[in-house]
Amino acid sequence: MHFVDKEPGQKRADFVSKLKSNKILRVPGAYNPLTAKLIEEIGYDAVYVSGGVMANDLGFPDIGLTTLQDVSTRSYLISRVTSLPTIVDIDTGFKSCDETIKTFEEFGVAAVHLEDQVERKRCGHLDNKELISTEAMVKKIKECVAAKKDENFKIIARSDAKGVEGIDKMIDRCKAYIDAGAEIIFPEALHDEKDFEKVRKELSCYLLANMTEFGKSKLFNYKELENFGYNIVIYPVTTQRLAMKNVEDGLRDIFESGHQNNIIDKMQTRKRLYELVEYEKYNSLDEKIYNFSTEGHE
């Protein structure tokens, strides 16, 4: 229906192939399916679904209030409209890591990341986070690995330990997570070049860098991160922040002026929207679907 030419298994195989390319994968966050289509069209390597973004989109803070159903349903809707692999943030694994992994694999996702915070978690770039023990996290990772069917479905272990226990203990945790079966490590809230380089030096696995805005990490160019030896860079909240700032500005302008004429140039046109949703392709289903011209709708 969405004219996506790749099955989930092929998307996961593509993800593995891209990881082996020695080129960093650039992965923006998609807060809805339409954004995922734009990410693919522009030429990025994969799509990311942030747990914080999902919570915010539902009007919640990122404190573990979303459910497996909330996040998996939205992830499915996002992943099914793109041929790119989709990486999903599963917070602390919800109630059952086994059920969570089976659900996301069935829904066509390529990889998920699990974090070592307590269930009532918080954004990784905030202070006063609480962690579970290394042993408890290892148990969760092993449960995740045992639950998956496709070897190309990747389990990513995120550690929030740097701001709680320090970078050395975080690295020790990550080594245990790798031994438990995590093939990609996500060291959260690293600060600067020294942090990123130290983690790369100490860990012999794929590494994910988080370039979220307004956080604790210096914002590096993707080429810099590639030179540090990182394999994936995510921009988790960027698209939602861009959208919400423009929506707020536009709504305030309309409220004050009483019309939209001042902000038309900030809007996606009807013609561009129809291109992005591939409106014309649906004519193959029924020739009456696209029997009009978009001329004048620029």
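What order do the strands of the open sheet have, and with which pairing, parallel or antiparallel? I looked this up before anything else, and I found an open sheet of eight strands in the order β1-β8-β7-β6-β5-β4-β3-β2, with parallel pairing.

**Ground rules**

I note that this is a predicted model, in which local features need pLDDT of at least 70 and side-chain atom pairs count only at pLDDT 80 or more, while totals for chains, interfaces and linings use all residues. Residues are numbered from 1 along each chain as its sequence is written, and side-chain values use heavy atoms, with hydrogens and water left out. For the element names I take helices (H or I, at least four residues) and strands (E, at least two) as DSSP runs, numbered from the N terminus, and I take two strands as paired if DSSP finds at least two bridges between them.

**Entry 1: the sheet and its edges**

I checked the ends of the sheet and found β1 (25-28) and β2 (47-49) at the edges, each with a single partner strand, so one side of each is left without a neighbour in the sheet. The twist averages 25° from one strand to the next, where axes are lines fitted to C-alpha atoms, for helices over the stretch in contact, and angles run from 0 to 180 degrees between N-to-C directions. At the β2 edge, I found three bridges joining β2 in parallel to strand β3 (residues 86-89), with Tyr48 opposite Ile87 in β3. At the β1 edge, four bridges join β1 to β8, again in parallel, and the bridge partner of Leu25 in β8 is Ile232.

**Entry 2: strand β8**

I then asked which residues of strand β8 (residues 232-235) are buried on each face. Ile232 and Ile234 are buried on one side and Val233 and Tyr235 on the other, which leaves both faces covered; buried means under 20% relative accessible area, exposed over 50% and partly exposed in between, with a 1.4 Å probe and protein chains only. On its β7 side, β8 pairs with β7 in the parallel sense over three bridges, and Ala209 stands opposite Val233. I also recorded that β7, α10 and β8 make a right-handed β-α-β unit, right-handed meaning that, with the strands pointing away from the viewer, the path from the first strand over the helix to the second runs clockwise.

**Entry 3: strand β5**

Why is strand β5 largely enclosed by the rest of the structure? Six of the six residues of β5 (residues 154-159) are buried, so the strand is largely enclosed. Lys154, Ile156 and Arg158 lie on one side and Ile155, Ala157 and Ser159 on the other. In a regular strand the side chains alternate between the two faces of the sheet. Strand β4 (residues 111-115) pairs with β5 in the parallel sense over five bridges, and Glu115 stands opposite Arg158. The chain crosses from β4 to β5 through helix α6 (residues 134-147) in a right-handed β-α-β crossover. With strand β6 (residues 184-187), β5 pairs in parallel over four bridges, and there Ile156 stands opposite Ile184.

**Entry 4: the loop before β5**

In the loop between α6 and β5 I looked up Phe153, which counts as buried at 0% relative accessibility. Phe153 touches, among others, Arg12, Ile101, Phe104 and Lys148, not counting residues up to four places away in sequence; contact means heavy atoms within 4.5 Å. Asn152 has its place in that loop too, and is buried with a relative accessible area of 19%.

**Entry 5: helix α9**

In helix α9 (residues 193-202) I found Asp195, Phe196, Val199 and Arg200 buried. They cover an arc of only 130° around the axis, which puts them on the same side of α9; the arc is that of the directions from the helix axis to the C-beta atoms. The face turned away from that buried side carries the exposed residues Lys194 and Lys201. The buried residues pack against α7 (162-165), α8 (167-179), β6, β7 (206-210) and α10 (222-228).

**Entry 6: Gln240**

Last, I looked up Gln240 in helix α11 (residues 238-257), which counts as buried at 8% relative accessibility. A polar atom of the Gln240 side chain lies 3.4 Å from the backbone oxygen of Val53. Leaving aside neighbours within four places in sequence, Gln240 is in contact with Tyr31, Val53, Asn56 and Asp57.

Conventions
A polar contact is a pair of N or O atoms within 3.5 Å; within protein, one must be able to donate a hydrogen and the other to accept it, and residues adjacent in sequence count only if both atoms are side-chain atoms.
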